[in-house]
Amino acid sequence: MIRQLAPHVADLIAAGEVVERPASVVKELVENAIDAGSSAVVVEIRRGGMGLIRVTDNGCGIAPEELPTAFLRHATSKLQNPEDLGKIGTLGFRGEALAAISAVSRVDILTRRRGDTAGAALHLEGGVPGPVEDAGAPEGTAITVRDLFYNTPARLKFMKKDSAETAAVNGLVQHLALSHPSVSFQFRKDGADALHTPGDGRLESAVYAALGRDFAKSLVPVQGKGGDVSVSGFVTSPLQCRGSRSMQVFFVNGRFIKSQLLTAALEEGYRNQIMKGKFPGCVLAVTVPVTLVDVNVHPAKTQVKFAREREVFDAVYHTVLDCLAAKGTPPPAAPLPEQVKNLRGDFFQTMDAKTYRDRQSGGTETPAARTPHPAWNSERPSATVRLSDSAPVILYGEKPKGGYLQEPEPVPVKPPEKRPENSPKPPRKYPPAIPQARGEEVPGQRTLAPPGETPWRIAGEVLRTYIVCESEDGCVWLIDKHAAHERVNFDRMKASQEPPMRQTLLTPAAVELGPMDKELLLENLPLLEQFGFACEDFGGGTVLIREVPADIDAADARSTLEELAACLFMGRSLEERRESMLHTMACKAAIKGGWTSDPAELRALVDKVQSGEVQYCPHGRPVAVKLTKYELEKMFKRA
């Protein structure tokens with residue numbers, strides 16, 4: 001049976017599309033205040049907005065006779081005819097905000113127009129208005145929302161903790177303050193001031209007040225234009241990029257939006273200039289003709305659709321790219337050879353090939369050339385020389401006694417012993433995985449292979465990142481030392497039953513985070529304690545770090561905390577949050593590509609990979625690549 005819904009039920013369904021949480025109510029009310037021409041807006045909440053939301057402005061106000069009409073669905077003063085939908089220049093236009101809010105809460109409104117001698121007041125409960133009464137009021141409008149979702153328990157049970165809802169409102173007010181620097185915003189939570197912008201019209205002042213001093217100091221101003229699209233604002237320098245995208249703020253025609261197109265254009269401008277895993281921060285205002293952007297594609301108006309996406313992408317990309325190119329300074333040009341003065345007068349001089357040959361042939365000699373180095377020996381043994389099995393092998397960073405240039409002692413050549421025909425080939429023998437002279441073990445390493453010979457040999461290391469290993473079956477392995485060590489750390493941390501050792505920072509590190517990231521960390525302080533972090537609230541958007549795990553370098557404390565906040569945001573259950581945090585800590589504690597590693601450390605990693613204990617890093621990437629003898633010979637056209 002098909003029947004029409006009751007008006008009250010239809011209003012609740014419509015309200016659910018607009019009002020998702022307390023931050024949605026604040027957004028609609030503040031946008032109406034900005035459209036009313038306000039120069040100062042005060043936002044006050046209690047219990048995350050579930051207990052009370054009050055938005056006060058000094059705008060144009062509402063006529064007393066129009067108050068009941070303002071709370072009807074599709075009632076607005078910002079649209080008159082269908083053509084206006086194609087050129088929307090205000091933040092609010094649907095005429096559903098006040099109706100949706102009043103349908104799921106208890107609302108009181110107090111307003112007075114400029115020039116009127118008295119104001120008006122109205123109370124609504126569940127969308128049902130009472131009588132309009134005369135009241136004394138300052139110029140502007142004050143709307144108070146109490147008991148949000150009191151009549152919709154299905155929505156009420158999905159609300160988060162008060163601290164999480166407070167963080168959402170705080171972040172929203174920050175974005176609104178940045179989008180309109182000419183408006184003074186004041187935000188109070190549970191009676192305490194959390195934000196106050198000067199409203200002087202300067203974007204840098206709003207950034208300083210809303211996002212903090214450290215972030216404001218890392219910003220570089222940008223300005224550019226491409227076609228009908230203009231871009232202005234600030235971006236972070238490449239060295240000041242962050243571990244997440246939480247500090248990327250975009251506005252289109254004064255409206256805060258979330259856009260993958262603008263994010264991609266911004267990060268494309270930083271290509272090859274920032275480290276992998278780092279993201280630029282920004283406060284960018286994009287101005288587009290109102291006829292070329294559709295803001296009516298999302299109920300909450302947080303997404304827009306551009307008529308010329310390529311033009312918008314190019315404008316943001318080239319503006320950021322040109323700014324970064326102008327900010328950098330070209331390296332100084334190398335001096336010409338004749339301009340280089342060698343005060344020492346030794347052999348290491350700048351000369352061309354002809355001068356060098358002349359000096360070697362006796363034409364002109366330098367003092368260093370007349371006196372041969374004591375390690376240079378002009379006499380070479382005629383017999384074939386080889387190192388015995390007991391001769392020392394020069395490994396990474398090791399220096400033999402007496403210097404590198406000394407000649408080894410000649411060793412008598414022994415003819416090879418003849419092996420009987422058809423006799424089995426002796427097995428290949430390789431040195432032990434870890435040196436264990438006199439029964440000693442390398443500290444911090446665990447030997448998986450039995451003592452003696454191992455079925456593999458380390459041939460070397462390339463690019464200071466990949467270990468080259470030869471196995472007994474004639475295969476060549478390339479092992480990513482960072483990925484392998486990351487997996488070892490992850491397994492060790494996950495299996496450990498003891499709390500990690502901590503190191504107390506000599507100077508506590510103050511980390512400025514976005515409002516959501518900060519609240520997530522403060523909500524999970526006990527979980528951070530289990531992993532060795534001692535943090536506390538330092539006011540504003542700052543978290544103070546006093547202790548970090550012993551495996552984490554103190555210099556990485558800031559970036560680690562940013563990545564942990566992103567992990568907590570992505571993880572749903574407690575176990576998923578633990579796994580995400582272990583991934584981040586294992587990565588931070590692992591040796592990095594490009595580092596010089598100890599040979600014993602490399603042998604321990606190869607031992608774990610060859611034994612099958614380590615196959616993938618915690619993120620699922622393989623740690624080793626295998627090349628068979630046939631594949632190598634095929635590359636060289638030998639097979």
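**Figure 1. Burial of helix 6 in the predicted model.** In this predicted model, 16 of the 18 residues of helix 6 are buried, and the helix is mostly covered. Helix 6 covers residues 162–179. Its end C-alpha atoms lie 26 Å apart, which agrees with the 26 Å that 18 residues should span at 1.5 Å a residue.

**Figure 2. Helix 13 and its N-terminal cap.** Helix 13 is formed by residues 481–495, 15 residues in number. From the first C-alpha to the last the helix reaches 21 Å, close to the expected 21 Å at 1.5 Å a residue. Asp480 caps the N-terminal end of helix 13. The contact is made by a side-chain oxygen of Asp480, which lies 3.1 Å from the backbone nitrogen of His482. His482 is itself among the buried residues of the helix. Others that are buried in helix 13 include Lys481, Ala483, Ala484, His485 and Glu486. Further along, Val488, Asn489, Phe490 and Met493 are buried as well. An α-helix has 3.6 residues a turn, so residues three or four places apart point the same way.

**Figure 3. A nonpolar patch on the surface.** Val462, Leu463, Tyr466, Leu478 and Val625 make a nonpolar surface patch of about 440 Å². One of these residues, Val462, belongs to strand 17, which is made of residues 456–462. Val462 has a relative accessibility of 37% and counts as partly exposed, because the partly exposed class lies between the 20% and 50% limits.

**Figure 4. The salt bridge between strands 1 and 2.** Arg54 and Glu44 form a salt bridge in which the closest N and O atoms are 3.2 Å apart. Arg54 lies in strand 2 (residues 52–57) and Glu44 in strand 1 (residues 40–46), so the pair ties together parts that are ten residues apart in sequence. The two partners fall into separate burial classes: Arg54 is partly exposed at 23% relative accessibility, whereas Glu44 is buried at 13%. The model has a count of 29 salt bridges.

**Figure 5. Two salt bridges with arginine and aspartate, and a network.** Arg113 and Asp116 meet through their side chains in a salt bridge with an N to O distance of 3.1 Å. Arg113 is partly exposed, with 33% relative accessibility, and Asp116 is also partly exposed, with a relative accessible area of 22%. A salt bridge also joins the side chains of Arg188 and Asp193, at 3.4 Å from N to O. Here Arg188 counts as partly exposed at 30% relative accessibility, while Asp193 counts as exposed at 57%. Elsewhere, salt bridges that share partners join Glu44, Arg46 and Arg54 into one network.

**Figure 6. Cysteines without disulfides.** The structure holds zero disulfides. Cys587 is in no disulfide, and the nearest cysteine sulfur, that of Cys617, is 8.4 Å away. A disulfide needs two cysteine sulfur atoms within 2.5 Å. Cys587 is partly exposed, with a relative accessible area of 25%. Cys469, by contrast, is buried, with a relative accessible area of 0%.

Notes:
Residues are numbered from 1 along each chain as its sequence is written. This is a predicted model: local features need pLDDT of at least 70, side-chain atom pairs count only at pLDDT 80 or more; totals for chains, interfaces and linings use all residues. Side-chain values use heavy atoms; hydrogens and water are left out. Buried means under 20% relative accessible area, exposed over 50%, partly exposed in between (1.4 Å probe, protein chains only). Patches are made of residues with over 30% relative accessible area and no salt bridge: like charges are joined within 9 Å, nonpolar side chains (Val, Leu, Ile, Met, Phe, Trp, Tyr) within 5 Å. Accessible areas come from the Shrake-Rupley method with a 1.4 Å probe; for residues, only the protein chains shown count as cover. A salt bridge is a side-chain nitrogen of Lys or Arg within 4 Å of a carboxyl oxygen of Asp or Glu. Helices (H or I, at least four residues) and strands (E, at least two) are DSSP runs, numbered from the N terminus. The expected span of a helix is 1.5 Å times one less than its number of residues. A polar contact is a pair of N or O atoms within 3.5 Å; within protein, one must be able to donate a hydrogen and the other to accept it, and residues adjacent in sequence count only if both atoms are side-chain atoms.
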